[in-house]
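New to this one? Take a moment to look over the sequence and turn the 3D view around before reading on.

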Amino acid sequence: MDRKTLEYMTDRTKKATVIVNKIDELSKQAERLINAEEIKFSWRDNGVTLDSVGYSGHRASARVVANIKTFAVEAINEEIQQLEEELAAL
């Protein structure tokens with residue numbers, strides 16, 4: 001193996017590691033959303049943060065929460081699929 005090949009393989013490995021870590025992070029986020037009983041949005045100047053909190057309590061908006069969870073998990077799964085395709089292309 002020559003130096004150029006080693007550099008190429010190292011670069012691909014680093015990219016693959018970043019992708020795999022992001023997939024793992026997104027999978028955990030989807031699981032937290034699925035198990036969440038409450039969802040909180042935090043608006044800031046540069047974006048929106050979605051927090052999911054699990055607790056046992058009464059909630060009048062269960063249907064709204066279920067719809068938001070479904071949409072968010074679908075979006076996460078689409079992103080995971082895209083990352084899987086990028087990983088396969090490496």
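What follows is a short tour, from the overall layout to a few charged side chains.

**The overall layout**

Keep in mind that this is a predicted model. The protein has two helices and two strands, and along the sequence they come in the order α-β-β-α. Helix α1 covers residues 3–35, while helix α2 covers residues 62–89.

How much of the protein is buried? Of its 90 residues, 18% count as buried. The accessible surface adds up to about 7100 Å², and carbon and sulfur atoms account for 52% of that.

Now for how the chain meets itself. Take the contacts between residues at least 6 apart in sequence: 50% of them join residues at least 24 apart. For a pair to look up in the viewer, try Gln29 and Val73, which sit 44 residues apart in sequence, with their C-alpha atoms 8.5 Å apart in space. Gln29 belongs to helix α1 and is partly exposed, with a relative accessible area of 27%.

**Salt bridges**

How many salt bridges turn up in the whole structure? A full search finds two. Here they are side by side:

| Salt bridge | N to O distance |
|---|---|
| Lys15 and Asp11 | 3.3 Å |
| Lys22 and Glu25 | 3.6 Å |

Why are Lys15 and Asp11 about one helical turn from each other? Because they are four residues apart in helix α1, about one turn separates them. Lys22 and Glu25 are three residues apart in helix α1, so about one helical turn lies between them too.

What about their exposure? Lys15 has a relative accessibility of 44%, so it counts as partly exposed. Asp11, at 37%, is partly exposed as well. In the other bridge, Lys22 comes in at 34%, which makes it partly exposed, and Glu25 at 48% is also partly exposed.

**A negative patch**

Which residues form a negative patch on the surface? The patch is made by Glu79, Glu84, Glu85 and Glu86. One of them, Glu85, lies in helix α2. Is Glu85 buried, partly exposed or exposed? Glu85 has a relative accessible area of 44%, so it counts as partly exposed. That value also clears the cut-off for joining a patch, which is over 30% relative accessible area.

Methods
Residues numbered from 1 in each chain as written. Predicted model: local features only at pLDDT ≥ 70, side-chain atom pairs only at ≥ 80, totals over all residues. Heavy atoms only, no water. Patch = residues over 30% accessible without salt bridge, like charges linked within 9 Å, V, L, I, M, F, W, Y side chains within 5 Å. Areas by Shrake-Rupley, 256 points an atom, 1.4 Å probe, with all protein chains shown as cover. Salt bridge = Lys/Arg side-chain N within 4 Å of Asp/Glu carboxyl O. Lys, Arg positive; Asp, Glu negative; His and termini not counted. Charge placed at Lys NZ, Arg CZ, Asp CG, Glu CD. Buried < 20%, exposed > 50% of the residue type's maximum accessible area, 1.4 Å probe, protein only. Contact = heavy atoms within 4.5 Å.
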